[in-house]
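Work through the exercises below with the sequence and the coordinates open. Each task is followed by a solution in steps.

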Amino acid sequence: LLTPPTPCHAKTNVMFLKTHKTASSTVLNIMFRFAERYNLTVALPAGQLYHLGYPRNFMAHFVEDFEAIGQNYNIMCNHMRFNPLEVQKVMAPNTFYFSILRNPISLLESSYIYYKHYVPAFRSSKDVNEYLASPTQYYHPADYGQNIYARNIMWFDFGYDNNAEDSTNYTQAVLEEIEQNFHLILIADYFDESMILLKHTLCWDMDDVIYFKLNSRSQDTVQTLTPESEERIKAWCSLDWKLYLHFNQSFWRRIEETIGLEVLEKEVEHLRTRQKELMETCLLEQEAVEKGHIRNKALQPYQSGAANILGYNLKQDLDNRTLRTCQKMVIPELQYTSYLYAVQHPHKKGKELGLPLPWTIRQER
């Protein structure tokens with residue numbers, strides 16, 4: 001006789017390595033909402049910081065109250081440069097580790113626009129194609145700290161040297177180490193498929209992985225890469241390229257082994273239908289709008305470089321419960337971090353954001 005499958009239990013100790021320009025702000029919002037739903041403790045950046053010590057290697061004391069709370073955090077997902085031994089001091093031994101990667105071709109173009117004013121290598125070139133025509137002309141090792149976004153940024157976020165020589169033995173060793181440290185690597189280029197795989201792997205509900213796209217930019221700030229530039233990115237960011245190819249393969253293999261493509265397709269459809277329903281319930285314009293059109297300043301995302309970061313307008317006549325759900329779907333990362341910090345550490349000085357929160361803490365209690 002066949003025994004029915006044992007119902008799985010939602011994993012609540014989860015560490016997400018938030019990589020740059022990989023749809024990771026959307027994942028962070030999913031993680032924060034999950035933490036609130038199950039009343040979990042989030043390892044938040046200490047003091048006035050919004051990241052966990054980035055770009056320095058992560059240290060346990062970068063987490064607020066680590067000395068008092070110790071290894072009792074459930075969720076960790078703010079930006080950091082991965083440092084496994086220090087993360088293990090903060091997270092429980094049974095923690096599930098995952099991260100997300102993006103095709104380095106679209107990633108580099110996105111980084112170029114977003115960090116245009118901060119990165120010396122980007123600042124001194126006219127556009128992304130000019131930069132890629134001879135990156136070494138603009139990228140100087142002396143500006144190492146500021147130039148991390150200009151080459152192999154994902155490799156750097158995982159804790160490795162983004163200027164390392166690309167030798168087969170070295171890259172193979174790093175890929176194996178990442179496989180040992182992480183239970184799952186998602187692919188931003190297949191975001192909906194990634195969310196379904198995450199849902200299955202963590203035994204979460206569909207509503208736990210529903211999302212509105214956050215921190216995306218308007219189409220008019222996207223620069224078109226020439227075919228030559230695309231090829232040059234593969235060579236210039238060859239460590240990231242190898243990382244991406246390797247985990248893109250393991251991602252699809254994992255889907256075939258665990259869910260199957262047929263079920264995946266059905267669930268992606270379901271996710272998109274549910275997302276559309278929520279957008280119709282919550283949003284005034286059914287889509288993200290440019291920064292100048294965001295009515296509520298509390299929902300204004302942080303603007304960076306030459307990018308025009310989009311946000312959302314909520315409908316006016318929502319009942320309190322629906323309003324709260326909708327607000328949490330659209331609240332930008334900095335505001336959400338600031339809000340959770342105030343909830344978890346009510347006796348500490350709040351993070352100074354210079355922006356109102358969409359709701360007050362008192363209301364929440």
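**Exercise 1. A salt bridge between two helices**

Task: find the distance between the closest N and O atoms of Lys-199 and Glu-267, and state which helices the salt bridge connects.

Solution.
Step 1. The model is a predicted one. In this model the closest N and O atoms of Lys-199 and Glu-267 are 3.1 Å apart. A salt bridge requires a separation within 4 Å, so the pair qualifies as a salt bridge.
Step 2. Lys-199 belongs to helix H11 and Glu-267 to helix H14, so the contact ties together parts 68 residues apart in sequence.
Step 3. The cut-off for buried is under 20% relative accessible area. Lys-199 has 13% and is therefore buried. Glu-267, with 15%, is buried as well.

**Exercise 2. A salt bridge inside one helix**

Task: place Lys-276 and Glu-280 in their helix, and classify each side as buried, partly exposed or exposed.

Solution.
Step 1. A salt bridge connects the two side chains, with an N to O distance of 3.2 Å.
Step 2. Both residues are in helix H14 at a spacing of four residues, about one turn of the helix.
Step 3. Exposed means over 50% relative accessible area, and partly exposed lies between that and the buried limit. Lys-276 is at 53% and therefore counts as exposed. Glu-280 is at 39%, so Glu-280 counts as partly exposed.
Step 4. Salt bridges that share partners also occur: they join Arg-37, Asp-205 and Asp-208 into one network.

**Exercise 3. A salt bridge across the sequence**

Task: how many salt bridges does the count give, and which parts of the chain does the one between Lys-18 and Glu-333 link?

Solution.
Step 1. The count comes to 18 salt bridges.
Step 2. One of them is formed by Lys-18 and Glu-333, whose closest N and O atoms are 3.2 Å apart.
Step 3. This pair links distant parts of the chain, 315 residues apart: Lys-18 is in the loop between E1 and helix H1 (24–37), while Glu-333 is in helix H16 (residues 333–344).
Step 4. Lys-18 is buried at 1% relative accessibility, and Glu-333 is buried with a relative accessible area of 16%.

**Exercise 4. The disulfides**

Task: how many disulfides does a search of the whole structure find, and what is the handedness of each link?

Solution.
Step 1. The search returns two disulfides. A disulfide is a covalent bond between the sulfur atoms of two cysteines.
Step 2. Cys-8 is bonded to Cys-203, with an S to S distance of 2.0 Å. The pair links distant parts of the chain, 195 residues apart: Cys-8 sits in the segment before strand E1 (14–17), and Cys-203 in the loop between helix H11 (191–202) and helix H12 (227–236).
Step 3. The angle about the S-S bond of Cys-8 and Cys-203 is 90 degrees, and the link is right-handed. Cys-8 is exposed at 52% relative accessibility, whereas Cys-203 is buried at 15%.
Step 4. Cys-282 is bonded to Cys-326, with an S to S distance of 2.0 Å. Cys-282 lies in helix H14 (residues 261–282) and Cys-326 in helix H15 (residues 320–330), distant parts of the chain 44 residues apart.
Step 5. The link of Cys-282 and Cys-326 is left-handed, with -75 degrees about the S-S bond. Cys-282 is buried with a relative accessible area of 0%, and Cys-326 is buried at 1%.
Step 6. With bonded cysteines counted along the chain, the pattern is 1-2, 3-4. Cys-77 is in no disulfide, and the nearest cysteine sulfur, that of Cys-203, is 20 Å away. Cys-77 is buried, with a relative accessible area of 0%.

**Exercise 5. A strand covered on both faces**

Task: which residues of strand E4 lie on each side, and how many bridges join E3 to E4?

Solution.
Step 1. In a regular strand the side chains alternate between the two faces of the sheet.
Step 2. In strand E4 (residues 184–187), Leu-184 and Leu-186 are on one side and Ile-185 and Ile-187 on the other. All of these are buried, so both faces are covered.
Step 3. Strand E3 (residues 96–101) runs parallel to E4 and is joined to E4 by four bridges. Ser-99 has Ile-185 as its bridge partner in E4.

Terms used:
Residues numbered from 1 in each chain as written. Predicted model: local features only at pLDDT ≥ 70, side-chain atom pairs only at ≥ 80, totals over all residues. Heavy atoms only, no water. Disulfide = S-S within 2.5 Å. Buried < 20%, exposed > 50% of the residue type's maximum accessible area, 1.4 Å probe, protein only. Pairing = 2+ DSSP bridges.
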